[in-house]
Amino acid sequence: MSAPSVEKGIQAIKGQIDAPVASFFSACVHCGLCAEACLFYTETGDPKYTPINKVEPMRRIWEREYTLFGKAKAALGLSKEVDADTFAEWETLVYDGCTLCGRCSLVCPVGNDISGMIRKIREGFAAAGYAPEGLIGASTRAVEIGSPMGVKLPAVQAQIKHLQKNTGLDVPIDAKGAEYLVLLSSMEIMNFPEYLEAIARIMHQAGKSWTIASKAFEATNSGIQIGVSDIAKLLVSRVVDAADELGVKTVISPECGHAFTAIRWDGANLIGRPYGFEVKHILEVLDEFVKKGLIKTEGMEDAKLTYHDPCQIARKGGVVEQPRNLLNRIASNFVEMEDAGEMNWCCGGGGGVSANERADELKLTAFNRKKAQLEALGVDTLVTACANCRLTLEEGLEENNMDIPIVGLTEMLAEYLVEDDKEQA
Amino acid sequence: MDDLTLSERLRQRGVSRRGFMKFCAATASMMALPPIMIPKVAAALEQARRPSVIWLSFQECTGCTESLTRSHAPTIEGLIFDHISLDYHHTLQAAAGDAAEHARDEAMKKNWGEYLLVVDGSIPLGENGNFSTIAGISNLEMLKEVAEGAAAIISVGTCAAFGGLPMANPNPTGAVSVSDIIKDKPIVNVPGCPPIPTVITGVLAHFLTFGRLPELDHLNRPKVFFGQNIHDRCYRRPFYERGQFAETFDDEGARKGWCLFKLGCKGPTTYNACATAKWNEGTSFPIEAGHGCIGCSEPNFWDAGGFYRALSLPHTNVGETILTAGAAGIAIGAAAAVLNRKRKSDAVDNRETITIKDLSKES
Amino acid sequence: MDANELLAWARGSGFDIALTIFVAGMLLRLLEVLALGNKPDLSAPRGSGPKGGVQTLLSRNLPRKAVFDREPLRIINGYVLHIGFFIVLFLYGPHIVLFESFLGFGWPGLPSGVIDAVGAITILSLIAALVFRLNNKVIRFISTKDDYVAWAVTLLPLLTGYLTYNHLVASYTMMLALHLLSVELLLVVAPFTKLTHMFSFAMARWYQGYQAGRRGVES
């Protein structure tokens with residue numbers, strides 16, 4: 001435990017450089033196509049947001065530490081240093097100007113995973129003390145309180161009471177041996193309580209046992225967003241421990257982007273061992289239920305609507321078809337925006353950007369990309385499956401005086417659910 | 001030794017005036033002189049008295065002399081050759097021993113400053129020049145001595161012009177060219193292994209006509225004969241352009257007369273008149289006979305990497321170089337890899353765990 | 001040194017030195033990369049890593065529509081440049097002889113006149129690439145000296161080759177010598193510039209593709 005320092009930052013980055021990263025830097029030919037895929041560049045026109053430029057400090061460290069030629073250059077004083085000024089200059093590029101959306105990684109002709117590198121370089125920035133205030137605060141709250149927004153169990157319990165009144169359904173807490181462990185994101189608890197209600201009704205209809213964990217109801221992982229693996233590990237371990245303790249078969253990640261990345265892909269690598277349970281996104285589970293006939297829907301929404309693909313769920317998570325399968329059942333006028341699917345544009349608020357007040361203006365500028373996509377379609381409703389996207393989109397729409405209500409897919413599906421008429425006491 | 005002019009001599013041998021003019025026209029055109037010069041060439045040759053020529057043969061194979069003098073039927077070139085007063089030539093002279101050397105001395109004294117010195121063969125410098133001697137005098141000494149009184153020197157054949165075969169790696173006799181030794185006389189290099197006969201007589205005719213040597217290139221070769229490379233005048237050039245190459249000496253391409261680049265033809269980098277003047281009175285030249293040009297009129301053609309190795313190939317064994325370099329690369333790479341691993345594991349091992357308290361600069 | 005001597009050196013020591021530095025240098029870079037290791041992914045796989053690796057090796061050969069629509073000319077120029085370069089390098093008779101000498105096998109080539117035309121187009125394409133690099137604000141921003149050096153050493157062999165073939169500027173012997181020397185310069189410089197991408201592109205595509213294939217996500 002020691003104060004952050006440039007030295008610590010550099011050491012952290014050194015430790016993050018692996019063979020893939022080295023191959024990426026060796027292969028980059030400065031073609032600049034990554035910029036054409038990044039909404040922070042396309043909407044600001046500022047070339048400093050070119051994705052490969054965001055990781056330039058890491059490249060310098062790689063070159064001088066891990067290549068003979070680079071060492072020789074450094075000895076002759078021919079290469080640029082990484083110092084406090086570097087960290088200061090690049091902080092907004094690495095945090096404010098990047099949502100880790102991964103679009104750049106998909107378009108790079110030589111196959112570089114640039115967003116992966118940006119995730120890695122954040123380790124160094126955080127260790128050097130150059131993480132944004134907002135993210136430090138969110139991480140602190142997540143670690144100390146249990147949720148980055150400071151939501152505590154009583155708040156959840158209050159929600160559950162509402163739910164019980166509305167639906168007559170129970171929300172099991174810490175039920176050992178349940179098949180599914182349901183996680184929630186602070187955003188959902190605070191802003192979109194309809195989600196939990198939808199879950200309850202769907203699970204009941206499907207006849208599946210489920211529970212939430214009192215010690216680990218939070219899915220959001222601030223550690224991933226600020227880029228500190230130690231904190232990410234701490235947070236994800238709460239979920240893993242609870243899942244192990246309760247002996248569940250499947251952990252369901254809620255409508256939240258980075259929560260899915262954290263629990264589905266990063267978790268096992270953070271704790272250093274494979275899980276004893278499966279992890280699925282709620283959309284995967286719903287799609288399964290529908291395909292197996294466990295839940296049925298009736299009726300259709302006839303408003304013209306479209307679907308926004310949350311980056312971590314579609315592009316980075318591989319859950320692209322499922323929301324479309326589900327939407328096609330309950331929407332008669334579902335139109336796709338241009339670049340829909342794996343290449344969809346980020347909302348601009350993921351990867352910690354929405355928790356970083358300093359980035360507000362930039363985020364709103366970035367929203368112009370989504371604005372253009374929506375204006376080209378002329379829809380009445382926007383559906384998505386990430387609470388953070390939802391909030392960011394709502395802010396953007398309001399700023400631009402666009403009157404398009406946003407609804408979560410799970411919540412929407414529940415509206416058209418065919419339920420048996422028995423009420424549970 | 002009579003004192004007939006060339007035209008009188010030719011008349012004596014039964015060459016008509018018409019035949020003589022035809023020869024002058026051919027000579028003029030071969031030297032790229034305009035037609036208006038033909039009468040001038042004729043007039044000069046007609047009146048040409050017999051210049052004294054001393055021919056020194058050093059480290060040579062006599063191939064140059066053979067090329068120049070062997071003919072199945074007398075040619076006008078041969079007659080020209082007869083016209084010069086060849087006062088000293090090992091192969092052709094009748095005298096031998098002291099008598100021959102005495103003849104040389106006499107010719108030198110009588111024509112001091114005016115005689116032509118023709119040299120074939122390289123000059124060995126090793127063992128104090130004793131690898132090759134004539135009458136007890138080393139080639140080196142004899143060359144210096146005779147060159148002093150010469151009006152001009154013609155180095156016939158690649159050996160005299162550039163060192164030739166004796167100079168090939170490892171050059172055991174320390175062979176050098178005439179130009180390496182004589183620096184203060186006009187020298188014409190007429191290379192080739194051997195040179196084309198008409199090239200020699202063309203140079204001589206030029207000298208007889210104008211009293212000076214023809215225009216020379218950067219290697220002192222007459223531009224008129226050595227100014228174009230074989231590739232540019234080769235009749236097989238269309239096949240090169242079409243990418244049709246013979247792969248072996250008896251494959252379909254070879255039989256069809258395709259380009260011989262892949263079989264080592266050095267045509268593109270060889271400057272000579274073979275493709276146009278050809279050999280044996282215009283009969284053929286190596287490429288036409290199915291063998292690639294070996295570049296015999298160029299310096300160091302023996303050490304240019306092999307007659308059958310294409311120009312686009314390096315002299316060395318590429319496969320071997322790659323394997324050796326590969327081994328070196330793996331060795332250096334392994335060392336660098338070990339270094340990298342250590343640095344990385346140091347960085348990973350020495351990393352302190354970060355808690356929320358370690359994030360703010362101010363704390 | 002005259003043209004003959006220069007050519008002899010270029011075909012002798014010059015080639016040896018250059019090829020040695022190229023092979024050893026590239027191997028060094030490769031091992032430096034591999035040494036850093038790649039931790040195995042402990043998350044539950046959804047698909048096959050190797051399949052993803054292979055797929056990505058191929059998929060990145062074509063641009064995504066969204067990006068292509070933004071920079072069509074520049075992207076097409078990149079293809080012309082690379083494809084033209086490969087045609088000239090691998091389908092010209094005299095070059096095929098070189099490859100045959102150490103591979104043990106050759107292949108049919110294109111007519112030399114066609115190669116000449118392709119070479120000219122490639123040179124123009126390279127010049128266009130430089131124009132793009134200087135005029136596009138993104139690329140100009142991220143460009144370093146390395147980019148310009150790599151451009152120059154790639155242009156020279158093409159240019160000298162073209163001039164040699166067409167007997168321009170100097171004697172064939174001198175131009176051929178310059179052509180070989182420019183190739184040797186390229187070989188010597190390559191391992192220390194972004195030209196390493198000729199090998200590392202495959203590694204990068206494989207690494208990302210492997211992870212993506214394992215996760216069952218697009219790549």
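**A parallel sheet in chain B and the contacts of chain A**

In chain B, strand β7, which spans residues 150-156, runs parallel to β9(B) and is joined to it by four bridges. This description, like those that follow, refers to a predicted model. Within the pairing of these two strands, B:Ser155 is placed opposite B:Asn189, a residue of β9(B). Both strands belong to an open sheet of five strands in chain B, in which the order is β2-β1-β3-β7-β9 and the pairing is parallel. Because β2 (85-88) and β9 (187-190) of chain B each have a single partner strand, they stand at the edges of the sheet, and one side of each is left without a neighbour there. On average, and with direction ignored, neighbouring strands of this sheet are turned by 25° against each other. Helix α8 of chain B, formed by residues 139-148, packs on the sheet, where it touches β1 (52-57), β2, β3 (115-120) and β7 of chain B, and the direction of this helix makes about 155° with that of β3(B).

Two cis peptide bonds may also be described in chain B. One leads from B:Asn169 to B:Pro170, with omega near 5°, and B:Pro170 is located in the loop that connects α9 (157-162) with β8 (175-176) of chain B. Another leads from B:Cys193 to B:Pro194, with omega near 0°; here the proline, B:Pro194, lies in the loop between the edge strand β9 and α11 (197-210) of chain B.

For chain A, the domain assignment gives domain 1 (6-131), domain 2 (136-291) and domain 3 (305-415). The centres of domain 1 and domain 2 of chain A, taken over C-alpha atoms, are separated by 32 Å. Eight residues of domain 1 of chain A are in contact with eight residues of domain 2 of chain A, and the two domains bury about 650 Å² between them, with 46% of this area on carbon and sulfur atoms. On the side of domain 1 of chain A, the most area is lost to domain 2 of chain A by A:Arg119, A:Glu123 and A:Ala131, which together account for 55% of what that side buries. Across this interface between domain 1 and domain 2 of chain A, zero salt bridges are found, whereas four residue pairs, both members at pLDDT 80 or more, are in polar contact. Helix α10 (residues 114-127) of chain A contributes four residues to the side of domain 1 that touches domain 2 of chain A, and thereby gives the most to that side.

Between chain A and chain C, 60 residues of chain A are in contact with 50 residues of chain C, and the buried area is about 4,400 Å², of which carbon and sulfur atoms give 59%. In chain A, the residues that lose the most area to chain C are A:His30, A:Glu36 and A:Trp265, together 15% of what that side buries. Two salt bridges are found across the interface of chain A and chain C; one of them joins A:Glu284 to C:Arg46, with the closest N and O atoms 3.0 Å apart. In addition, 26 residue pairs between chain A and chain C are in polar contact, with both residues at pLDDT 80 or more. Several helices of chain A, including α2 (19-27), α6 (56-66) and α17 (257-271), each supply at least two residues of the side that touches chain C, and among the elements on that side α2(A) gives the most, with seven residues.

Technical notes:
Residues are numbered from 1 along each chain as its sequence is written. Chains are lettered from A and ligands numbered from 1 in the order in which they are written. This is a predicted model: local features need pLDDT of at least 70, side-chain atom pairs count only at pLDDT 80 or more; totals for chains, interfaces and linings use all residues. Side-chain values use heavy atoms; hydrogens and water are left out. Two strands pair if DSSP finds at least two bridges between them. Axes are lines fitted to C-alpha atoms, for helices over the stretch in contact, and angles run from 0 to 180 degrees between N-to-C directions. Contact means heavy atoms within 4.5 Å. Domain bounds come from an automatic or database domain assignment. Buried area is the accessible area (1.4 Å probe) that two parts lose on being put together, summed over both. A salt bridge is a side-chain nitrogen of Lys or Arg within 4 Å of a carboxyl oxygen of Asp or Glu. A polar contact is a pair of N or O atoms within 3.5 Å; within protein, one must be able to donate a hydrogen and the other to accept it, and residues adjacent in sequence count only if both atoms are side-chain atoms.
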